[in-house]
Amino acid sequence: MRSYASTFELRPTLLGTIDSAGGTAVGAPIDTIGFKDVLATLVVGAASGTAINAATLIVKIQESATSAGTGALWTDITNGAVNGSFKFSTISISGTNPALQMGELYERLGDGVRLRYIRAHATAAGTNGLGPKYSVNFLLGRHYDSSLVQSAVTHPTGTAEVLSN
């Protein structure tokens, strides 16, 4: 039987606070080679700063053929994305104790459309002095390499037996 450790890998890409309007942060590049799927998760919690201020946080996922470089080497994932684009809904924050907000996005990998490396890109807008604290992680799954399967298990479908993937 497979274990979660041999089927999925959790890789954090970006953790931080942006406390200036127009400020940006970019996550660590994540190598997706050998995986077929990715689930990106975003968690936004407490905010630092002045309670009367308001801010928004925009987080999108970018890709590149190489892990090095910045700027033009990294592009937003919009072409061929399962849900149209690989971008979270804009998060609005007011006060320093906002409700916990979360989101997740799914995308296919290794299909000839996606490039090898992905990362998160966050931008804050609104009033200076209110910084949302957030975390972006990638859960990579479905290894290409069948040698990672520890044992095959069959499951009844009602009419036939199928090999689990």
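Which side chain does the side chain of Lys 60 make a polar contact with? In this predicted model, the partner is the side chain of Asp 76, at 3.1 Å. That pair makes a handy way into the fold, so to speak, but the overall layout comes first.

The protein chain is built from one helix and 12 strands. Going along the sequence, the helix comes at the start and the strands follow one after another, giving α-β-β-β-β-β-β-β-β-β-β-β-β. The chain has 165 residues, and 35% of them count as buried. Contacts reach a long way along the sequence: if one takes those between residues at least 6 apart, 83% join residues at least 24 apart. As for the outside, about 8,900 Å² of the protein chain is exposed, with carbon and sulfur atoms supplying 56% of that area.

Back to Lys 60, which sits in strand 5. Besides Asp 76, the residues that Lys 60 touches include Phe 86 and Lys 87, and a further run made up of Arg 119, Ala 120 and His 121 (residues up to four places away in sequence are left out of this list). Lys 60 can also be placed relative to Val 136: the two are 76 residues apart in sequence, yet their C-alpha atoms are 10.0 Å apart in space.

Strand 5 covers residues 54-64, and Ser 64 belongs to it as well. Is Ser 64 buried or exposed? Ser 64 counts as buried because its relative accessible area is 2%, against a cut-off of under 20%. The side chain of Ser 64 reaches the backbone oxygen of Leu 73, with 3.0 Å between them. Leu 73 also turns up among the residues that Ser 64 touches, along with Trp 74, Leu 115, Arg 116 and Tyr 117, again leaving aside residues up to four places away in sequence.

On the surface, there is a nonpolar patch to look at. Which residues make this patch of about 320 Å²? The patch is put together by Val 43, Leu 100 and Met 102. Of these, Val 43 is found in strand 4, which runs over residues 35-49. Val 43 is classed as partly exposed because its relative accessible area comes to 33%, and partly exposed is the class between the 20% and 50% cut-offs. That value also fits with membership of the patch, where residues need over 30% relative accessible area.

Note on methods
Residues numbered from 1 in each chain as written. Predicted model: local features only at pLDDT ≥ 70, side-chain atom pairs only at ≥ 80, totals over all residues. Heavy atoms only, no water. Helix = DSSP H or I, 4+ residues; strand = E, 2+ residues; numbered from the N terminus. Buried < 20%, exposed > 50% of the residue type's maximum accessible area, 1.4 Å probe, protein only. Contact = heavy atoms within 4.5 Å. Areas by Shrake-Rupley, 256 points an atom, 1.4 Å probe, with all protein chains shown as cover. Patch = residues over 30% accessible without salt bridge, like charges linked within 9 Å, V, L, I, M, F, W, Y side chains within 5 Å. Salt bridge = Lys/Arg side-chain N within 4 Å of Asp/Glu carboxyl O. Polar contact = N/O pair within 3.5 Å; in protein donor to acceptor, adjacent residues only side chain to side chain.
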